[in-house]
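Visitor: I'm new to this structure and would rather see one part properly than race through the whole thing. Please choose one piece and walk me through what surrounds it.

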Amino acid sequence: MECLRWAVSSCPGLRDCCGGGGAAAEGGAAAEGGASSLAPRAVGAEISQSRIDVGGPGQECCKTNAVGGGWASPLEAMRSGTRERLLYIPAILNNGLEGADKPDYLATVDLDPESSTYSQVVHRLCMPEPGDELHHMGWNACSSCHAKKGVSTHNYLVAPGVVSGNIYFIDVKTDPRAPSIFKVIKAEELARKAGVALPHNSHCAPGEVIMSFMGGPREEGFPSSGNGFVSFDPKTLEINGRWERGDKKPSFGYDFWYQPRHNVMVSSEWGEPQCFARGFNPAHVHEGKYGQKLYVWDWAEHRIVQELDCGRGSIPLEVRFLHDPSASEGFTGCALSSEILRFFKKPDGEWAIERVISIPPVPVENWALPEMPALITDFVLSLDDRFLYLACWLHGDVRQYDISDTRNPKLVGQVFIGGSLKRGTAVRRTDGADQPEPLVVKGIEVQGGAQMVQLSLDGKRLFVSTSLFSAWDAQFYPALKEKGAQLLQIDVNTEQGGLFVNPEFIVDFGQEPFGPALCHEMRFPGGDCTSEVWL
C-alpha cells in the first residue's frame, strides 16, 4: 500500500527505527509479510506499521459464537479486582490544519509496577499517513453488549483523526502489547456517504457504534452546519449512515452520552471549526462562534427534543451521565466559564440544568487576558458515582469532589500538574495568592497543564495527560512543541479524599524517537471509566 511505502521511505524516524518494512496490498488487507514490527535499538520499544484494510469489503470482526465481555454493572467492574496493566494513548505529531511531516501514532504504555518496562512506552503503532491529529478513542463494543451472544467486546479501538477525518479500527485483542491497524475508513468515504468531517468521539451501543462529527467535508471548508452523528456496523465496521433524524440540528458538535433506561442522549458543542482549529480568539466567543448549549435527544427516535442553555461563553464540552444506568442525571464541564453543570430529569419529564461547581478566574498580569479562567477540559466519575475528578488546563490543577450529594459537590482533593500559574514564568497573580512550584517528576519538568483524565476501575489511580489540541497547545503552552507532553499518575485516597502525585511514574513524550510529541486521551484494554455504558 502506498501509505506504507511512504511511511517507511519518507519518515526518517520510522525508517531508522523500523528498517525497510514491506509493502501492503493496494485497496484491501495487507499482503503476508507486509507488516513491519522491529524493535529499535535506541528506544527499547516496538514500532510497527500494520496490515491495513482501507475501507474495502466488510469483514466479520466478531465471532458469532462469542459472548459479550465487559461487566454486568459498574459496581461489578469496580469490585472485579482487575488492575490495569497497559494503557493506550495517542501520540500527536500533527500541527493543526497545517499538518505534519510524520504520522501520529498509538503508544502502548506499561502500567505494571512489577514489570521491567514500567512507566515506559513499549510499542508505537504509526498511522499510515501524517496529518491525523488523533484525539479521542472508543470501542467496537463495550459493556453495553455484556453477555450478548455473537458479540466480542473491546476488540478494536475506534480512533478518529480529527483533522484528517480518517477513522482507524485498531486491533488490541490479538496482541494487547502490540496493537495493529485492522481497518481504515477514509475521510473521502465519510464525506461521500454521510457528508461529515472532523470526527470527535464514539460510543458503542447495542447494534451500532455512534460517532460525533464537528463539521462538514474539508472540501467545503468544514462548515459547522455539517456536524452530526454517524452510525457504524460493529461487526463489519462499515458506515450505516447518519444517525440523527428530523429538522432540528445542533449549532455545533462535540461530545455525547446516552442513558437508554430514560430514552435519552445528551450532546454538547465546541464551536465553529474554522475558529477552534486555528487556536482561540476571545472575540469569536462574543461573535457566537463557540457553543453554549446541551442538546437532549430522544434516544429511540434520534431527534432533538430539548435545548439547554448553559450561558453565553460557557463552551460545554465533556458530557457524563452517572454510571448507574437507572440514574436520570449527569454532568457537563463548561470549559470557558469553568463550571460543572448538573443536568437532570424533572418530575414532568423535562430536563433542566443547574450549576454545582464554579471555579473563579484568577486575576493576573503578563498573560493574554487580565483574568485567567481555569478552563475545565475534562472530568471523570468513579464507577460508584461517589467522586468526580476534573482537570483545569490553564490553572493546572486536578480536583477531586465528593458527589455523594450530586447537587452539592464537596472539594476533597487538589494537586497541581503544571499549568500557567506555576512559578518561574512571567505570569503573576495580582491578588497576592501563592503560585505553585513547577512539577518535576524523576527529573522531568511537566509541560502544559492537567488536561485529560482517566481513572482506574477501583478508583485508586488517576492518570493525567497534559496536551489539549495542537493549535491550542502552540498558543497557550509553546514549550509543548519543543519539550513534548507528559503522562502522569495521581494516587487517590478513596476514603476521606486526597490526591498525591506518584513520584515513580511519568512518561515523557518529549523523549520520543520521532521527536517531541503531544498526548491526549487514555484507554485501558477491556474498558474504563469513560468508555463503558450500562443498559
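Guide: Let's start with a word we'll need a lot: a residue is buried when its relative accessible area is under 20%, exposed when that area is over 50%, and partly exposed in between, using a 1.4 Å probe and counting protein chains only. What you're looking at is a predicted model, so local features need a pLDDT of at least 70 and side-chain atom pairs count only at pLDDT 80 or more, while totals for chains, interfaces and linings use all residues. Residues are numbered from 1 along each chain as its sequence is written, and side-chain values use heavy atoms, with hydrogens and water left out.

One more term, then we're off. Helices (H or I, at least four residues) and strands (E, at least two) are DSSP runs, numbered from the N terminus. By that count the protein has eight helices and 35 strands. It has 535 residues, and 63% of them are buried.

My pick is strand S32, residues 461-465. Five of its five residues are buried, so this strand is mostly covered by the definition above. In a regular strand, side chains alternate between the two faces of the sheet. For S32, both of those sides are covered: Arg 461, Phe 463 and Ser 465 are buried on one, and Leu 462 and Val 464 are buried on the other.

Now for the partners of S32. Two strands count as paired if DSSP finds at least two bridges between them. S32 pairs with S31 through four bridges, in the antiparallel sense. These two strands make a hairpin with five residues between them, and Gly 459 in its turn has a positive phi of about 80 degrees. S33 is another antiparallel partner of S32, this time over five bridges. Across that pairing, Arg 461 has Asp 491 as its bridge partner in S33.

Let's stop at a residue in S31, the strand made of residues 452-455: Gln 454. Its opposite number in S32 is Phe 463. With a relative accessibility of 1%, Gln 454 counts as buried. What does Gln 454 touch, leaving out residues up to four places away in sequence? Contact here means heavy atoms within 4.5 Å. From S32's stretch, Gln 454 touches Arg 461, Leu 462 and Phe 463. Its other contacts are Val 380, Met 522, Arg 523, Phe 524, Asp 528, Cys 529 and Thr 530. There's also a C-alpha separation of 7.9 Å between Gln 454 and Glu 521, although they are 67 residues apart along the chain. Across the whole protein, if you take contacts between residues at least 6 apart in sequence, 59% join residues at least 24 apart.

Next, move over to S33, residues 486-492, which also runs antiparallel to S34, residues 499-508, with six bridges joining the two. Leu 488 finds its bridge partner in S34 at Ile 506. S33 and S34 form a hairpin too, with six residues between the strands, and Gly 497 there takes a positive phi near 100 degrees.

From here we can follow the side chains into the nonpolar cores. A nonpolar core is a set of buried Ala, Val, Leu, Ile, Met, Phe, Trp, Tyr and Cys residues joined through side-chain atoms within 4.5 Å. The largest one holds 58 residues, and the members touching the most others are Trp 270, Trp 472, Leu 487 and Phe 509. The biggest contribution to this core comes from strand S3 (residues 86-92), which gives four residues. Take Leu 487 and set aside its neighbours within four places in sequence: its contacts include Phe 463, Val 464 and Ser 465, which brings us back to our strand. Leu 487 also meets Leu 87, Ile 89, Val 109, Phe 505, Ile 506, Val 507, Phe 509, Cys 519 and Met 522. Apart from this largest core lies another, of 27 residues, and Leu 462 is one of its members, along with Leu 383, Val 398 and Ile 417.

To retrace the walk: S32 is buried on both faces, with S31 and S33 as antiparallel partners. Leu 462 belongs to the 27-residue core, while Phe 463 and Val 464 are in contact with Leu 487, itself a member of the largest core.
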